[in-house]
Amino acid sequence: MAKPKLALYWAASCGGCDVAVLDTNEKILDIASIVDIVFWPIALDFKYHHVEAMEDKSIDLCLFNGAIRNSEQEKIAKLLRDKSKVMVAFGACACFGGIPALGNFTNRAEIFERAYIEAPSNDNSEGTFPQTSTKVPEGELELPEFFDTVLTLAQVVDVEYYIPGCPPPVDIILKVVDLFATGQLPPVGSVIASEKTLCDECDRIKEEKKITKIWRPHEIIPDPEKCLLEQGIICCGPATRGGCGQRCIKANMPCRGCFGPPPGIVDQGAALVSTIASIYQGDSEEEIARMVEEVVDPAGMFYRFGLADSMLKRKRMKPAEGRA
Ligand code: SF4
Ligand code: SF4
Ligand code: SF4
């Protein structure tokens with residue numbers, strides 16, 4: 001009997017999600033024994049035209065990591081959607097926009113200015129920016145269009161399942177492959193993780209204490225038995241879906257929210273702001289102002305992984321010409 005076909009792709013991604021698949025170590029051989037990997041740019045030399053030549057819905061499962069930042073990624077997302085029966089947003093960037101979507105606090109013009117003019121390592125006295133089309137003696141060179149706004153995968157194509165995490169943990173990857181191979185995938189639309197918050201799964205001691213100061217993780221060594229948030233270190237556990245195995249908490253580091261919002265929370269960042277505000281003991285305007293100052297980079301803290309998928313989606317700015 002023919003084996004099910006699996007495709008893996010990276011869009012606006014750091015490569016860590018693909019490495020997480022490789023982190024299954026020798027189990028990658030088990031995966032390869034139950035599925036045919038038909039497309040995986042990081043590991044195998046398939047070309048886009050090989051995918052274009054496949055029949056529609058001939059790929060059984062596509063694990064798509066990375067957000068959508070440019071027109072090439074959008075085009076391949078649509079191509080893989082056409083060719084795949086089951087499309088999975090794999091990792092925080094595909095699910096929520098992730099780290100690339102922090103670019104939604106600015107826009108293409110500002111990013112290009114920084115990257116190609118202001119960065120001290122540049123030697124670009126003519127102020128040249130990347131063009132989508134450039135004529136050279138040999139013909140015309142094309143580059144994908146860099147979008148103003150980073151999108152989640154589901155903002156571009158229909159998605160059946162979501163596997164959160166930066167990157168997804170190996171045990172969840174193996175579980176998904178097993179569920180897929182045995183035909184036991186959950187209902188369409190499911191997030192394959194826990195239905196609880198990370199705090200619900202965390203076994204640290206919680207004393208319902210108020211805090212009077214916010215510390216950055218490098219400023220104190222926290223008690224490894226007690227809730228980090230109650231020790232004044234911002235931990236995103238109250239507004240983050242569980243299921244990661246408390247990876248950061250067990251390393252005595254705060255959660256940064258890579259599993260996205262738990263069920264029932266629409267905007268992870270807003271929920272976090274609300275949580276911090278509710279446990280901060282500040283009686284005067286000065287104390288509250290000091291606390292606000294103590295949260296270094298609040299946008300990056302509260303929307304580190306979820307800006308594209310949040311109610312904000314992006315900072316309101318004049319859009320660049322072309323695709324917004
Ligand atoms: S989710 Fe994390 S590991 Fe995966 S591509 Fe995004 S930044 Fe990299
Ligand atoms: S805030 Fe963080 S440390 Fe505290 S209970 Fe929740 S996950 Fe655990
Ligand atoms: S503790 Fe938070 S940031 Fe760390 S892996 Fe789990 S969900 Fe992600």
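This text walks through a predicted model, from two ligand shells to salt bridges and a surface patch.

Start with ligand 1. Its surrounding residues are Ser 13, Cys 14, Gly 16, Cys 17, Ala 92, Cys 93, Gly 165, Cys 166 and Pro 167. Two elements give two or more residues to this shell: helix 1 (16–22) and helix 5 (92–96). By class, the shell divides into six nonpolar and three polar residues, with no charged ones. The cysteines of this shell, Cys 14, Cys 17, Cys 93 and Cys 166 among its members, count as nonpolar in that division. Cys 17 is buried, because its relative accessibility is 11%, and the cut-off for buried is under 20%.

Now turn to ligand 3. Around this ligand lie Leu 198, Thr 240, Cys 244, Arg 247, Cys 248, Cys 255, Arg 256, Gly 257, Cys 258 and Phe 259. Six of these residues are nonpolar, two are polar and two are charged. The shell around ligand 1, by contrast, has no charged residues. Arg 247 and Arg 256 belong to the shell of ligand 3, and Arg counts as charged. Cys 248 is partly exposed, with a relative accessible area of 37%.

Cysteines appear in both shells. What of disulfides? A disulfide is a covalent bond between the sulfur atoms of two cysteines. The structure holds zero of them.

Salt bridges are another matter. Side chains of opposite charge can pair when their charged atoms come close. The structure holds eleven salt bridges. Three of them can be followed in detail here.

Take Glu 74 and Lys 78. They form a salt bridge, and their closest N and O atoms are 3.9 Å apart. Both residues sit in helix 4 (residues 71–83). Four residues separate them, about one turn of the helix. Their surroundings are not alike in exposure. Glu 74 is buried, at 14% relative accessible area, whereas Lys 78 is partly exposed, at 41%.

Glu 140 pairs with Lys 135, again with 3.9 Å between the closest N and O atoms. Here neither partner is buried. Glu 140 is partly exposed, at 45% relative accessibility. Lys 135 is exposed, with a relative accessible area of 68%.

Arg 241 and Glu 195 make the next salt bridge, their closest N and O atoms being 3.3 Å apart. Arg 241 lies in the loop between helix 8 (198–201) and helix 9 (247–250), and Glu 195 lies in the loop between helix 7 (170–181) and helix 8, so the pair ties together parts that are 46 residues apart in sequence. Is each partner buried or exposed? Arg 241 is buried, at 8% relative accessible area. Glu 195 is exposed, at 57% relative accessibility. Salt bridges can also share partners: Lys 213, Arg 290 and Glu 294 are joined into one network in this way.

Finish at the surface. Which residues form a nonpolar patch there? Trp 10, Val 19 and Ile 42 do, and together they have about 220 Å² of accessible area. Ile 42 lies in the loop between strand 2 (36–39) and helix 3 (48–52). Ile 42 counts as partly exposed, because its relative accessibility is 31%. That value fits the patch, because members need over 30% relative accessible area.

How values were computed. Residues numbered from 1 in each chain as written. Chains lettered and ligands numbered in written order. Predicted model: local features only at pLDDT ≥ 70, side-chain atom pairs only at ≥ 80, totals over all residues. Heavy atoms only, no water. Patch = residues over 30% accessible without salt bridge, like charges linked within 9 Å, V, L, I, M, F, W, Y side chains within 5 Å. Areas by Shrake-Rupley, 256 points an atom, 1.4 Å probe, with all protein chains shown as cover. Salt bridge = Lys/Arg side-chain N within 4 Å of Asp/Glu carboxyl O. Buried < 20%, exposed > 50% of the residue type's maximum accessible area, 1.4 Å probe, protein only. Near = heavy atom within 4 Å. Disulfide = S-S within 2.5 Å.
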